[in-house]
Amino acid sequence: MQQRKKFVIANRMDTIDASGVRKMFDLAVTMDNPINFSIGQPDFDVPDPIKEAAKAAISGGMNKYTQTQGMPELREAIWKQASAEFGWTNPGDHPILVTCGVSGALLLAIKVLVNPGDEVIMPDPHFVMYRHLVNFADGVPVCIDTYPDFHLDAQKIADAITPRTKILLLNSPANPTGAVYSRQEMEDIAEVARNHELLVISDEVYNIFCYDEPYLSFAHLYDHTLLMRGFSKTYAMTGWRIGWCTGPPNVIDKMTMLQQYSFVCAPSVAQAAILTALKTDMTQYVNAYRKKRDMVCEILGEKFDLVKPGGAFYAFVPAPKGMDATDFVYKAIEHQVLVIPGNVFSSRDTHFRISYATTDEKLFLGLRILCDLV
Ligand code: PLP
């Protein structure tokens, strides 16, 4: 009998390299009770009323496919909240698509919009998924250096624009830096986007974790924004896989079509529970995270030259002088503290990311260890 051919993986998989992150996770499982500052999710649990709503949804039979774009009641509730925030009056101008998290929205958007060779501008450093998704669509990630303060200079964006530029990808508050863009900065960026008729994807998955000023969405300043919001971080439900997206109706229409033939719909139980989540006040959780952010700045500030992060739950900290970040990360791991080297998110390996989404006790202990290593 003829030998079965090896299963040949499609070439497009060569465009994805997750080795940096995987190495860290592999290391984490070999460690005995580490102080884990590597995890990008809240340490609190989903608030009880939302859990109860999910249980009731299962018992009540909400276990089937929903409409591809999401349950009508949920889309209406999201629309109500968003229209109050943005002053929108016509639902047809801002159709809501409920997605499998912001990741789901990003995948749909990039696949729907990016032709081979199209350029997508993004900050460096950035959330790891961005460049891989663009590569996966045969697009070209174009990175704008944001060191040392991680703010985006509109002029640098303007200089990077070519006839192939299609999308500008923004993320504020940002992963991995915690940077929150100021109104002026965003207005300057919006002007560049307007002049070049760019579509801007605004990834606002950390919108509630904004500590020093009221949150400002890019969608307030620029019409051609594909706005993405998530529930993963807001309600600590990263495993429930739910978020939403709105933007130019023709783009949302095609994203919905692609969702129909890929994800089908966002999880029905999560959709039902979000109706309760939208009424749940998360202020106490945000206040607790602001305090953790302050603790990070106070303690690490003694030994590291870090920029104060304004949001999310990350700090992007320069490695001690004369050391690259990966070497420092291995040193930290030897002392049971798990952090992620900057080259996972960036072309540089000068910084490391800490996620301070952990208990105050572990945070204090881990920060002291990091300081002692300098
Ligand atoms: N965008 C950013 C900037 C993130 O950091 C993450 C997760 O870490 C996501 C999107 C993915 O969020 P979701 O769980 O909603 O897919």
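Helices here are DSSP runs of H or I with at least four residues, and strands are runs of E with at least two, each numbered from the N terminus. Counted that way, the protein chain has 12 helices and 12 strands. Please keep in mind as you look around that this is a predicted model.

**The chain as a whole**

Let us start with the overall dimensions. Along its principal axes, the C-alpha trace of the protein chain spans about 70 × 55 × 50 Å. For 374 residues, a compact globule would be expected to have a radius of gyration near 21 Å, and the protein chain agrees with that, at 21 Å. Buried residues account for 54% of the 374 residues in the chain. Its contacts reach across the sequence: of those between residues at least 6 apart, 75% join residues at least 24 apart. As for the outside, the accessible surface of the protein chain is about 17,300 Å², and carbon and sulfur atoms contribute 52% of it.

**Around the ligand**

Now to the ligand. There are 13 residues around it, and those that come nearest are Ser103, Asp203, Tyr206, Ser232 and Lys233. By class, the shell consists of 5 nonpolar, 5 polar and 3 charged residues. Helix α4, which covers residues 101–113, supplies the largest share of this shell, with 3 residues.

Three side chains place a polar atom beside a nitrogen or oxygen atom of the ligand, as the table shows.

| Residue (polar side-chain atom) | Ligand atom | Distance |
|---|---|---|
| Asparagine 175 | oxygen | 2.8 Å |
| Aspartate 203 | nitrogen | 2.5 Å |
| Tyrosine 206 | oxygen | 2.7 Å |

The ligand would expose 400 Å² if taken alone, and the protein buries 92% of that area. Two residues in the table, Asp203 and Tyr206, also belong to the group that comes nearest to the ligand.

**A closer look at aspartate 118**

Another spot worth a visit is aspartate 118, in the loop between α4 and β3, the latter being residues 119–124. Is aspartate 118 buried or exposed? Its relative accessibility is 6%, so aspartate 118 counts as buried, the cut-off for that being under 20%.

Which residue's side chain makes a polar contact with the side chain of aspartate 118? The partner is lysine 166, at 3.4 Å. Lysine 166 also appears in the wider set of contacts: with neighbours within four places in sequence left aside, aspartate 118 touches Leu113, Gly139, Val140, Arg164 and Lys166.

How values were computed. Residues are numbered from 1 along each chain as its sequence is written. This is a predicted model: local features need pLDDT of at least 70, side-chain atom pairs count only at pLDDT 80 or more; totals for chains, interfaces and linings use all residues. Side-chain values use heavy atoms; hydrogens and water are left out. A residue is near a molecule or strand if one of its heavy atoms lies within 4 Å of it. A polar contact is a pair of N or O atoms within 3.5 Å; within protein, one must be able to donate a hydrogen and the other to accept it, and residues adjacent in sequence count only if both atoms are side-chain atoms. Accessible areas come from the Shrake-Rupley method with a 1.4 Å probe; for residues, only the protein chains shown count as cover. Ala, Val, Leu, Ile, Met, Phe, Trp, Tyr, Cys and Pro count as nonpolar, Asp, Glu, Lys and Arg as charged, and the others, Gly among them, as polar. Buried means under 20% relative accessible area, exposed over 50%, partly exposed in between (1.4 Å probe, protein chains only). Contact means heavy atoms within 4.5 Å. The radius of gyration is taken over C-alpha atoms; the globule rule is 2.2 Å times the number of residues to the power 0.38.
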